[in-house]
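Here is a short round of questions and answers on one structure. Take a look at the chain before reading on.

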Amino acid sequence: MPRYDFRCRSCGATFELRRPMARAGDPAVCPQGHEDTVKLLSTVAVTGAAGAAPQPPSGGGGGGCCGGGCCG
């Protein structure tokens, strides 16, 4: 189930809720009971193994459509 982050405009608390995607836009009440909240934009970082930079393919070749260097 997705997690959504919210911030309360009344007290400034930041909190998260897990709810179905179909309810992503529903209003949220902060843990202190305030109803004036706003959904925050969440970011997701996707990296490879331990954040390593991708390695170029090996084996020579000059590119082109087949990677063999015959096309250009």
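Q: Which pattern does the chain follow along the sequence?
A: The pattern counts helices (DSSP runs of H or I, at least four residues) and strands (DSSP runs of E, at least two), numbered from the N terminus. The chain has zero helices and three strands. Read along the sequence, the pattern is β-β-β.

Q: What kind of model is this, and how are residues numbered?
A: This is a predicted model, where local features need pLDDT of at least 70, side-chain atom pairs count only at pLDDT 80 or more, and totals for chains, interfaces and linings use all residues. Side-chain values use heavy atoms, with hydrogens and water left out, and residues are numbered along each chain as its sequence is written, from 1.

Q: In what order do the three strands form the sheet?
A: Strands of a sheet pair through backbone hydrogen bonds, either parallel or antiparallel. Here two strands pair if DSSP finds at least two bridges between them. The pairing is antiparallel and the sheet is open, in the order β2-β1-β3.

Q: Which are the edge strands?
A: An edge strand here pairs on one side only. That holds for β2 and β3.

Q: Which residue in β2 is the bridge partner of Asp-5?
A: β1 and β2 pair in the antiparallel sense. They do so over five bridges. The β2 partner of Asp-5 is Glu-16.

Q: What share of the residues of the chain count as buried?
A: Buried means under 20% relative accessible area, exposed means over 50%, and partly exposed lies in between (1.4 Å probe, protein chains only). The chain has 72 residues. The buried share is 14%.

Q: Which strand gives the largest share of the largest nonpolar core?
A: A nonpolar core is a set of buried Ala, Val, Leu, Ile, Met, Phe, Trp, Tyr and Cys residues joined through side-chain atoms within 4.5 Å. The largest one has seven residues: Tyr-4, Phe-6, Cys-8, Phe-15, Ala-24, Ala-28 and Cys-30. Three of these residues come from one strand, residues 3-8. That strand is β1.

Q: Is Thr-37 buried or exposed?
A: Thr-37 is found in strand β3, residues 37-39. Its relative accessibility is 17%. Therefore Thr-37 counts as buried.

Q: How many Å separate the backbone oxygen of Ala-28 from a polar side-chain atom of Thr-37?
A: Contact means heavy atoms within 4.5 Å. Beyond four places in sequence, Ala-28 touches residues including Phe-6, Phe-15 and Thr-37. With the same kind of neighbours left aside, the contacts of Thr-37 include Arg-7, Cys-8 and Ala-28. From the backbone oxygen of Ala-28 to the polar side-chain atom of Thr-37, the gap is 2.6 Å.

Q: How far apart in space are Ala-24 and Lys-39?
A: Ala-24 lies in the loop between β2 and β3, and it is buried because its relative accessible area is 12%. Leaving aside neighbours within four places, Ala-24 is in contact with Tyr-4, Arg-19 and Lys-39. Ala-24 and Lys-39 are 15 residues apart in sequence. C-alpha to C-alpha, they are 8.9 Å apart.

Q: What is the relative accessible area of Gly-33?
A: Gly-33 is found in the loop between β2 (14-18) and β3. Gly-33 and Cys-8 are 25 residues apart in sequence and 9.6 Å apart in space, C-alpha to C-alpha. Gly-33 is partly exposed, because its relative accessible area is 43%.

Conventions. Polar contact = N/O pair within 3.5 Å; in protein donor to acceptor, adjacent residues only side chain to side chain.
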